[in-house]
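Work through these short exercises with the structure open beside you. Try each task before you read its solution.

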Amino acid sequence: SVSSIVPESCLLIVVGLLVGGLIKGVGEKPPILKSDIFFLFLLPPIILDAGYFLPLRPFTENLGTILIFAVVGTLWNAFFLGGLMYAVCQLGGPGLNHIGLLANLLFGSIISAVDPVAVLAVFEEIHINELLHILVFGESLLNDAVTVVLYHLFEEFASFEQVTILDIILGFLSFFVVSLGGVLVGVIYGVIAAFTSRFTSHIRVIEPLFVFLYSYMAYLSAELFHLSGIMALIAAGVVMRPYVEANISHKSHTTIKYFLKMWSSVSETLIFIFLGVSTVAGHHYWNWTFVISTLFFCLIARVLGVLVLTWFINKFRIVKLTPKDQFIIAYGGLRGAIAFSLGYLLDYHHFGMRDMFLTAIITVIFFTVFVQGMTIRPLVDLLAVKKKQETKRSINEEIHTQFLDHLLTGIEDICGHYGHHHWKDKLNRFNKKYVKKCLIAGERSKEPQLIAFYHKMEMKQAIELVESGGIGKIPSAVSTVSIQNINPQTLPLERVLPALSKDKEEEIRKILRNNLQKTRQRLRSYNRHTLVADPYEEAWNQMLLRRQKARQLEQKMNNYLTVPAHRLDSPTMSRARIGSDPLAYEPKEDSENLPIITIDPASPQSPESVDLMSEEPKGCGGLPPSPEEDEEGLVMRVKEPSSPGTDDVFTPGNSDSPSNQRMLRCLSDPGPRPEPEEGEPFIPKGQ
């Protein structure tokens, strides 16, 4: 009941305080957490467990934000705190005047880094959402490089008589050497571990040993050259995991998982107990001004750093960090045993104020772990911060995740933007084409990611069924092969097939053979990288564009030259009205330039009786049409009867001029069929 209110790390520190007080009470000297023991034996298991089971997708998606918090935020905290503490020492009286600027900057670099052990201990209990957890925890992991560089830099500068600009530039460059060098060492050992696991199929017992051995060697090699051992361990765990898990057996995977969890839990317990014991056993020098100022400025620097950096980060993030998120990030900056061990490593010869530094560091650790660690859970509930939802990944989710990655990569390629998804796709292609073939044995190297995920889910479900004793009620989702791999003694259950006649069975086979098999042979697996460009695609596009332009031009001509239908009367009714009263349609006086349609009233019902003589657009002859003409539209004129002895066909008339003939040819061409929404022409062409 107590652990539901107080974090386990606080309880362990209290146990350490009680044990240290008991040891001191009986007259013995309590043991002190030595830095060598901490850095060589207690810290690596915790970092390896965090790196090996690191949620890679949220980590890579938020890597930019994590790096800004880890690098810029830690530098800001160190220099802001060191500069203000130097001012406090200059104004704080005779007991603090002798502490110089370099000593204060070194103290600021020690106390400014967020501790991964304390963050893990507290954040795993409150079940915060994945985004906030990976931001705070990722910052605590990656700020190790900054802490190591600043610590060794100021420690070296303390022994110099004069610090030059060249020393500062070299110190700045050493940050890249320490961080990138640690990552490179981790990648090398991760690849070696993955390559070794390819040949361990006949000695499954020692497979977990290689994982621990190469990870520890990566950490020691990085520390040997003063590189970042934490970043080396993280890189080794991240690189080796996908290849090692594809090669090793399921029992070895279970061994690695539970042994790492147990090992990291034991180390975490010992670290917090030793913190309590060392508090009782160590030499302390209490200075109210220095300790209270350190605590106050730590909180101020953390809050200001998170607010300013988040304001800058939100300009580039799609999912913005809300004020609630910023509060949790600022409030979750816990300090822990790494700061205590770095303070314990200080040399009395160069830093005579080491005891006061250790007292202030322990005070800050106790305040962050006890006060902030105990109140962060009620604050998360009070602010209604989104918590982590324990959901099992499904095949459906995996398919849609891969589809969205594929889609976003294609969008980036089309836009010409080389973003996160573009480089991730490049790396996946390189991994699939070259790296998997070298580091994964057998057919597993060619297995698609979705199929591998399905096998993993299938195996997990089968194990849960076996452990729960539900082997007799196996759903169809679990294949018999997986059950045989887990429990070879269990015989597969006989399938009860419905009784089918031979004719019915043959008919079903014929249907399946004629449809499914042809479909399977015809369809090829789609991969956007293997699509062949069509050489005729450009020509087809040009041809389609030309056809579309020609069709639009024809429609414009057709709409311009075709007389629109009367909205009230159909052509038949118009012809009947003209035939019944031809004198009502006498030509107007001012209608020389209007289109003329002559009507033969002899037989108004026959289509041939309508003779199209001339249809000239309004405004011809250089004169613009008058408003009255616009309203009058077309004017009907009665055809003059031919004189006796003349031939209507062969005798040339006024309408046989070349321009009129061109107009007649243009009008005789019906053109493309009008769209359904357009009306039929007023005078249809004679059939």
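**Exercise 1.** Describe how helix α2 packs on helix α12.

*Solution.* Start with the geometry. Helix α2 (residues 35–52) and helix α12 (residues 250–281) pack at about 135 degrees, and their axes are 8 Å apart. That angle makes α2 oblique to α12. Here are the cut-offs: under 35 degrees is roughly parallel, over 145 roughly antiparallel, 65 to 115 roughly perpendicular, and the rest oblique. Axes are lines fitted to C-alpha atoms, for helices over the stretch in contact, and angles run from 0 to 180 degrees between N-to-C directions. Helices (H or I, at least four residues) and strands (E, at least two) are DSSP runs, numbered from the N terminus.

Next, list the contacts, meaning heavy atoms within 4.5 Å. On the α2 side they include Phe38, Phe41 and Tyr52; on the α12 side they include Trp263, Leu270 and Ile271. By class, this contact has 12 nonpolar, two polar and three charged residues. Ala, Val, Leu, Ile, Met, Phe, Trp, Tyr, Cys and Pro count as nonpolar, Asp, Glu, Lys and Arg as charged, and the others, Gly among them, as polar.

The model is predicted: local features need pLDDT of at least 70, side-chain atom pairs count only at pLDDT 80 or more, and totals for chains, interfaces and linings use all residues. Residues are numbered from 1 along each chain as its sequence is written, and side-chain values use heavy atoms, leaving out hydrogens and water.

**Exercise 2.** Do the same for α4 and α8.

*Solution.* Take the geometry again. Helix α4 (residues 63–91) and helix α8 (residues 144–158) pack at about 35 degrees, with axes 10 Å apart. Then take the residues. Ala70, Val71, Thr74, Leu75, Ala78 and Phe79 in α4 meet Val146, Thr147, Leu150 and Phe154 in α8. Sort them: eight are nonpolar, two are polar and none is charged.

**Exercise 3.** Place Glu155 in its surroundings.

*Solution.* Find the element: Glu155 lies in helix α8. Check exposure: Glu155 is partly exposed, because its relative accessibility is 24%. Buried means under 20% relative accessible area, exposed over 50%, and partly exposed in between (1.4 Å probe, protein chains only). Now look beyond neighbours within four places in sequence: Glu155 contacts Leu106, Leu345 and Phe351. Finally, compare positions. Ala103 is 52 residues from Glu155 along the chain, yet their C-alpha atoms are separated by 8.4 Å.

**Exercise 4.** How many helices and strands does the chain have, and what share of its residues is buried?

*Solution.* Count the elements: 25 helices and three strands. Then take the share: 38% of the 687 residues are buried.
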